[in-house]
Structures are given as C-alpha cells and as structure tokens.
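This report describes selected features of a predicted model. The sequence and structure are shown first, and the description follows.

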Amino acid sequence: LPLLGLDVLLLSLVHPFNLPVLLAAFGVFALWRSWADRRVAWWALAATATAGLVSLPSLVTNLLTFTLDPFWSQTYGAQNVMPSPHPWELPVDYGIPLLFGLAGLWTLRRSRTFDQTFLLMWLLVAAVAMYAPVPYQRRFAFGLQPGLAALAILGWPALQHWLDGRLHQWRLAPATSAALASRLVTYVGVMGCSLGTIAVFAVMTLSAATNMPIQVYTIDRDSYAAAQQLAAQTGPDDVLLCAWDTCNVLAGVMPGRVVLGYEVATLHASAKRASVEALYRGELTTSQIRDVLQANRVTYVLYGAEERALGSFDPGAAMGLSIVTRVGDAIVYAAVPNA
C-alpha cells in the first residue's frame with residue numbers, strides 16, 4: 001500500500017486527469033473481486049481507499065481551479081470542451097495497437113491472470129469514461145495507449161498463429177507458412193506502430209538537409225531575431241502585440257507577455273485573436289486601434305511576415321509610432337511614448 005500511495009501521488013503530480021479513470025478502475029475491480037469470491041475483497045478495497053485518499057488533494061485542487069478560478073476556468077477549463085472521437089474513428093486514432101489488442105482480448109476470453117484481469121477492467125472503465133457526458137470526456141482516454149500496447153503484445157503471437165493456419169490451408173509447407181505468417185504480422189505491426197515516428201523523423205531530416213524550417217512549428221527568422229533584440233531591453237511588465245502564430249512562439253522569448261498565445265493560457269483568446277487580426281487587416285479605426293492597445297496594455301507592436309499575411313496594414317506606420325528595432329522585414333514599434 002505505501003508503494004501504491006507513492007505511485008498515485010506521482011501520477012497526481014504528473015497527470016491528474018488520469019486519476020478519475022484509475023480510481024474508478026480500482027473501485028470496479030474491487031467490486032468484481034468481491035462478487036467473484038463471494039466475500040468482501042478487503043485488500044482491493046484497501047488499495048482503492050489508499051489511492052483515493054492520496055489523490056484527493058489533487059482532485060479537489062484541480063476541480064476548484066479549473067471550475068471556479070476566474071482565469072483558469074475561462075482558459076484551461078473552457079478548452080476542455082472537446083469531445084472524444086466517435087467509436088468508428090478509434091481504429092484510425094489508435095491504429096495497430098487497437099487491431100492487435102482485439103486479438104489479445106480474444107486470447108483472454110477463457111483464462112486470465114490477476115494482472116490481465118485488472119488490465120481489462122481498466123480498459124473497460126476508460127472506454128466508458130471517454131464517452132461520459134462531461135465536456136472534458138476526451139481526457140479520460142489518456143493512458144489508454146499503454147494498456148492497448150500491453151494487450152497488443154498478447155495478440156501478436158495469436159495473430160501469427162491464426163495467419164499460419166490460414167496459409168497452411170493453401171497447402172504450403174509448415175515451415176513456409178509459419179515464416180510467412182511471422183514476417184507479415186511482424187512487418188505490419190512494426191511499420192504500423194512506427195509510422196508516426198518515421199514520418200516525423202523523415203520530415204525533420206528533410207528540413208535539416210534543405211535548411212528549410214517546418215513552417216507550422218516556426219516563425220520567420222527576421223521576427224525571431226527582432227524579438228530577441230527586444231527581449232534584451234524589456235522587462236516583465238512589457239506586452240508585445242503580434243499575430244497569433246508569432247506570439248505563440250515569442251511567448252517563450254519575451255521576459256514579459258504577449259497579447260495572444262496558446263488558448264489554454266490566454267484569457268478571452270477568441271475575442272482577442274479576432275480583434276488583433278482585424279487590426280492587421282486594417283479593419284479598425286485609429287480610435288479602435290488605441291482601444292485594443294490600451295485594453296491589452298501593449299507596449300510594443302511587431303509587424304513581420306505573419307502580420308503581413310493577415311493584411312497589408314502596418315499599424316505602427318499608420319499610428320506614427322517610433323521604431324525600436326528592425327531586422328530585415330520585421331519591425332518593432334513602441335506603442336507608448338519614450339518606450
């Protein structure tokens with residue numbers, strides 16, 4: 001029990017969204033063991049109680065924070081409104097582990113070890129929880145992948161045996177059918193499970209070989225260099241206005257803040273993004289631009305490649321703001337006098 005409590009404590013610190021599913025799986029397993037043994041499974045109930053008590057502070061803290069806190073309830077709490085994939089989409093989402101896992105499930109239909117029984121209970125609870133009528137239902141599916149992988153390992157030899165039998169019916173020699181079955185299942189399994197990693201590795205290798213950054217993960221070099229220069233002469237109270245993609249990167253560069261960023265950490269992200277994009281498209285009047293700058297306490301305005309992609313309106317030039325730094329096509333303006 002002490003080791004279990006330590007494990008659950010570490011999990012509550014690393015990923016508390018896994019806790020409800022895990023605790024529910026503990027409880028379901030304890031009830032099932034009590035029913036199967038025709039007596040109360042005190043050891044299973046003790047494990048459930050231990051895990052529940054250890055994780056209670058984390059569960060309560062997260063519930064209060066992301067439900068009642070005026071900032072986090074509107075940012076991180078609001079972005080949780082994203083449903084789980086439809087059941088018929090799961091084969092695409094989980095791929096080979098789900099396919100092989102179904103074969104592993106078939107192998108456990110008659111006999112199971114203690115650990116295998118709990119694994120099935122955990123996967124069942126997670127599968128039900130991920131469709132619970134709550135806005136953050138998709139988060140209850142986190143952690144399914146390792147469980148499916150463990151089940152897939154059990155299904156791997158079962159699939160080989162099944163394919164061997166089908167090939168043997170074609171009057172192939174036993175050694176030939178066994179070798180073909182082993183290679184087909186192994187190649188499909190390894191390639192299917194590794195496809196995502198291989199694709200990312202190939203894209204990164206191509207990017208390095210051609211010296212071309214992956215656009216979805218980066219901003220233009222001029223804006224980044226200008227932000228680095230600006231960061232060296234600004235403080236934690238400064239706020240930079242830029243396009244969403246640019247700000248999302250520069251949030252980690254500036255010692256202060258950016259107007260926009262990742263939705264889970266930007267209050268009223270949708271409204272702010274709409275106003276910023278309208279600003280760079282030239283759809284706001286001078287008075288409205290000043291309102292946006294003042295409402296967000298902006299001290300610096302960036303006009304670079306991403307901002308030009310939104311529109312050809314340069315707010316700094318239009319407002320007569322002084323240039324603080326310029327690198328190539330990226331210009332940083334001071335939004336307040338004597339900045």
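Strand 4 and strand 5 form a hairpin, with 2 residues between them. Within the turn, Gly 328 has a positive phi of about 60°. The two arms of this hairpin, strand 4 and strand 5, pair in the antiparallel sense over 4 bridges. Across this pairing, Thr 325 stands opposite Val 332 of strand 5.

The hairpin belongs to an open sheet of 5 strands, arranged in the order 2-1-3-5-4 with mixed pairing. Strand 2 (257-258) and strand 4 (323-327) each have a single partner strand and stand at the edges, so one side of each is left without a neighbour in the sheet. Helix 10 (residues 221-231) packs on the sheet and touches strand 1, strand 3 (300-303), strand 4 and strand 5 (330-334). The direction of helix 10 makes about 140° with that of strand 4. In contrast to the hairpin pairing, strand 1 (residues 239-241) and strand 2 pair in the parallel sense, over 2 bridges. Here the bridge partner of Val 239 is Arg 257 in strand 2.

The two pairings described above are set out below.

| Strands | Sense | Bridges |
|---|---|---|
| Strand 1 and strand 2 | parallel | 2 bridges |
| Strand 4 and strand 5 | antiparallel | 4 bridges |

A helix pair comes next. Two packed helices are described by the angle between their axes and the distance between the axes. The axes of helix 1 (residues 2-14) and helix 2 (residues 19-37) come within 10 Å and cross at roughly 150°. Because angles over 145 degrees count as roughly antiparallel, helix 1 is roughly antiparallel to helix 2. Helix 1 contributes Leu 4, Val 8, Leu 11 and Ser 12 to the contact, while helix 2 contributes Leu 19, Leu 22 and Phe 26. By class, this contact of helix 1 with helix 2 has 6 nonpolar residues, 1 polar residue and no charged residues.

The last topic is a pocket. The second largest pocket holds about 310 Å³ of space. It is lined by 15 residues, of which Leu 98, Leu 123, Ala 127, Leu 144 and Leu 148 are the closest to its centre. Helix 5 (90-94), helix 6 (96-107), helix 7 (114-129) and helix 8 (144-168) are the elements that give two or more residues to the lining of this pocket. The lining of the second largest pocket divides into 14 nonpolar residues, 1 polar residue and no charged residues.

Notes:
Residues numbered from 1 in each chain as written. Predicted model: local features only at pLDDT ≥ 70, side-chain atom pairs only at ≥ 80, totals over all residues. Heavy atoms only, no water. Pairing = 2+ DSSP bridges. Contact = heavy atoms within 4.5 Å. Axes fitted to C-alpha atoms, helices over the stretch in contact; angles between N-to-C directions. 1 Å grid on protein atoms, 1.4 Å probe; cavity = no way out; pocket = protein on both sides within 12 Å on 5 of 7 lines; lining within 4 Å. Points joined across faces, edges and corners; volume = space filled by probe spheres on them. Nonpolar A, V, L, I, M, F, W, Y, C, P; charged D, E, K, R; others polar. Parallel < 35°, antiparallel > 145°, perpendicular 65-115°, else oblique.
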